[in-house]
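Please look over the sequence and the structure shown below before reading on. The report that follows takes up a few residues in turn and describes where they sit and what they meet.

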Amino acid sequence: YLLSKGIRTRPALPNVNSAPYLNCNEKFPCSDKFEKQGIFLPSGPAQPFENVETVLRALQEWKQ
């Protein structure tokens with residue numbers, strides 16, 4: 001949906017706890033959900049404010 005509005009996103013990064021060198025066997029359900037369903041929206045200090053407004057409008061339209 002966002003790409004059809006000209007808004008590029010990236011998938012969320014893998015959970016830190018899933019790094020093999022940590023040998024973590026604990027469960028983190030919220031973190032797992034963000035890893036599978038989360039996205040990075042356009043951001044950063046060089047991002048024009050108009051882009052932020054465009055993303056917000058698109059998300060508000062999608063929500064309705």
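## The cysteines

C24 is partly exposed, because its relative accessible area is 28%, a value that lies between the limits of 20% for buried and 50% for exposed. This description, like everything that follows, concerns a predicted model rather than an experimental one.

What does the search for disulfides give? The count comes to 0 disulfides, and C24 accordingly takes part in none, the nearest cysteine sulfur being that of C30, which is 15 Å away. Seen from the other side, C30 is also in no disulfide, and the nearest cysteine sulfur to C30 is that of C24, at 15 Å. A pair of cysteine sulfur atoms has to lie within 2.5 Å to be counted as a disulfide. As for its surroundings, C30 has a relative accessible area of 56% and is therefore exposed.

## A buried residue in the loop

N17 belongs to the loop between β1 and α1. Is N17 buried or exposed? With a relative accessible area of 19%, N17 is buried, since the term applies to residues under 20%.

When the neighbours within four places in sequence are left aside, N17 is in contact with L22, C24, E26, F28 and S31. The cysteine C24, described above as partly exposed, is thus one of the residues that N17 touches.

## A nonpolar patch on the surface

Which residues form a nonpolar patch on the surface? The patch is formed by V16, Y21 and L22, which together have about 360 Å² of accessible area. L22, a member of this patch, is also among the residues in contact with N17.

Y21 is found in the loop that runs between β1, residues 10-11, and α1, residues 29-37. Because its relative accessibility is 67%, Y21 counts as exposed, whereas N17, which is found in the loop between β1 and α1 as well, is buried.

## The salt bridge

A search of the whole structure finds 1 salt bridge. The partners are E61 and K5, whose closest N and O atoms are 3.3 Å apart. E61 lies in helix α2, which covers residues 49-63, while K5 lies in the segment before β1, so the pair ties together parts that are 56 residues apart in sequence.

How accessible are the two partners, E61 and K5? E61 counts as partly exposed because its relative accessibility is 44%, and K5, with a relative accessible area of 40%, is likewise partly exposed.

Note on methods
Residues numbered from 1 in each chain as written. Predicted model: local features only at pLDDT ≥ 70, side-chain atom pairs only at ≥ 80, totals over all residues. Heavy atoms only, no water. Patch = residues over 30% accessible without salt bridge, like charges linked within 9 Å, V, L, I, M, F, W, Y side chains within 5 Å. Areas by Shrake-Rupley, 256 points an atom, 1.4 Å probe, with all protein chains shown as cover. Salt bridge = Lys/Arg side-chain N within 4 Å of Asp/Glu carboxyl O. Helix = DSSP H or I, 4+ residues; strand = E, 2+ residues; numbered from the N terminus. Buried < 20%, exposed > 50% of the residue type's maximum accessible area, 1.4 Å probe, protein only. Contact = heavy atoms within 4.5 Å.
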